[in-house]
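Please look through the structure below slowly, following the chain with a finger if that helps, while the paragraphs after it lead you from one part to the next.

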Amino acid sequence: MVSETIECEAVRRGQLWVSHLPEHGVYGHGRTLAKTQQNTKLGLGLLGVDAEVTVIAVSPELERLKAAREAYEAALSEAVSALALRRTTLHDIAAATGEPTRRVKQLRPPPAAQRQ
């Protein structure tokens with residue numbers, strides 16, 4: 001039975017992903033993130049640590065992508081709220097933002113907040 005989940009970051013080194021868990025002294029590597037995860041878990045197993053391993057790819061480019069996504073989500077939420085306050089229909093908000101109606105419905109403020 002797996003008792004915990006351990007997250008580790010993996011960086012690209014040449015053609016390999018490399019992860020390091022300094023608290024356990026374990027390294028993992030592989031051509032794919034899945035193989036890196038598998039090798040890291042194997043290394044932990046050799047130390048008697050039975051845990052699920054989540055590998056998170058990191059690089060400056062991925063950090064910029066994450067920041068851009070977060071900025072987009074904030075701007076989208078603001079746009080949906082502003083349009084909803086102007087009593088714009090759900091379908092018009094979806095068309096204007098280029099987002100699916102289902103997503104707009106999730107972001108729209110509750111009706112009571114729209115009336116204020």
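Strands β2 and β3 pair in the antiparallel sense, and five bridges join them. One of these meeting points can be found by looking at Ser 19, whose bridge partner in β3 is Gly 28. In general, the strands of a sheet are held in pairs by backbone hydrogen bonds, and they may run either parallel or antiparallel. Please keep in mind that what you see is a predicted model.

The pair belongs to an open sheet of four strands, which follow one another in the order β3-β2-β1-β4 with mixed pairing. Because β3, which covers residues 26-30, and β4 stand at the edges with a single partner strand each, one side of each of them is left without a neighbour in the sheet. If direction is ignored, neighbouring strands of this sheet are turned against each other by 30° on average.

Which residues make up the largest nonpolar core? There are 11 of them, namely Ile 6, Cys 8, Ala 10, Trp 17, Leu 21, Val 26, Leu 44, Val 49, Ala 51, Val 53 and Val 55. The elements that contribute two or more residues to this core are β1 (4-13), β2 (16-21) and β4 (51-57). Apart from this core lies another one, made of eight residues, among them Leu 76, Val 80, Ala 84 and Leu 107. Within the largest core, Val 49 is a useful residue to select, since leaving aside residues up to four places away in sequence, Val 49 touches Glu 4, Ile 6, His 24 and Leu 44.

Helix α1, which covers residues 33-46, holds Gly 43, and Thr 40 lies in this helix as well. Is Thr 40 buried or exposed? With a relative accessibility of 0%, Thr 40 counts as buried, because the limit for a buried residue is under 20%. When residues up to four places away in sequence are not counted, the contacts of Thr 40 are Cys 8, Ser 19, Leu 21, Val 26, Gly 28 and Val 53, and two of these names, Ser 19 and Gly 28, are those of the bridge partners met at the start. Gly 43 is buried too, at a relative accessible area of 16%. From the C-alpha atom of Gly 43 to that of Glu 61, 18 residues apart along the chain, the separation is 28 Å.

Charged side chains come next, and in general those of opposite charge can pair when their charged atoms come close. The structure holds two salt bridges. In one of them the side chains of Lys 41 and Glu 52 meet, with 3.0 Å from N to O, and this pair links distant parts of the chain, since Lys 41 sits in helix α1 and Glu 52 in strand β4, 11 residues apart. Lys 41 counts as partly exposed at 31% relative accessibility, and Glu 52 is partly exposed with a relative accessible area of 35%.

Glu 73 forms a salt bridge with Arg 103, and the closest N and O atoms of this pair are 2.1 Å apart. Here too distant parts of the chain are linked, with Glu 73 in helix α2 and Arg 103 in helix α4 (residues 101-107), 30 residues apart. Glu 73 is partly exposed at a relative accessible area of 32%, and Arg 103 is partly exposed at 23%.

Helix α2 itself has 26 residues and reaches 38 Å from its first C-alpha to its last, which is close to the 38 Å expected at 1.5 Å a residue. Its buried residues are Leu 76, Val 80 and Ala 84, and these three are also among the members of the second core. Beyond α2 comes Arg 87, in the loop between α2 (60-85) and α3 (90-97). Most residues other than glycine have a negative phi, whereas the phi of Arg 87 is positive, near 60°. Arg 87 counts as exposed, at 69% relative accessibility.

Helix α4 also holds Val 104, which is buried with a relative accessible area of 1%. Not counting residues up to four places away in sequence, Val 104 touches Val 80, Leu 90, Ile 93, Ala 94, Thr 97 and Glu 99. The C-alpha atoms of Val 104 and Ser 81 are separated by 9.4 Å, although their places lie 23 residues apart along the chain when counted as a sequence distance.

Key: Residues are numbered from 1 along each chain as its sequence is written. This is a predicted model: local features need pLDDT of at least 70, side-chain atom pairs count only at pLDDT 80 or more; totals for chains, interfaces and linings use all residues. Side-chain values use heavy atoms; hydrogens and water are left out. A nonpolar core is a set of buried Ala, Val, Leu, Ile, Met, Phe, Trp, Tyr and Cys residues joined through side-chain atoms within 4.5 Å. Buried means under 20% relative accessible area, exposed over 50%, partly exposed in between (1.4 Å probe, protein chains only). Contact means heavy atoms within 4.5 Å. A salt bridge is a side-chain nitrogen of Lys or Arg within 4 Å of a carboxyl oxygen of Asp or Glu. The expected span of a helix is 1.5 Å times one less than its number of residues. Two strands pair if DSSP finds at least two bridges between them. Axes are lines fitted to C-alpha atoms, for helices over the stretch in contact, and angles run from 0 to 180 degrees between N-to-C directions.
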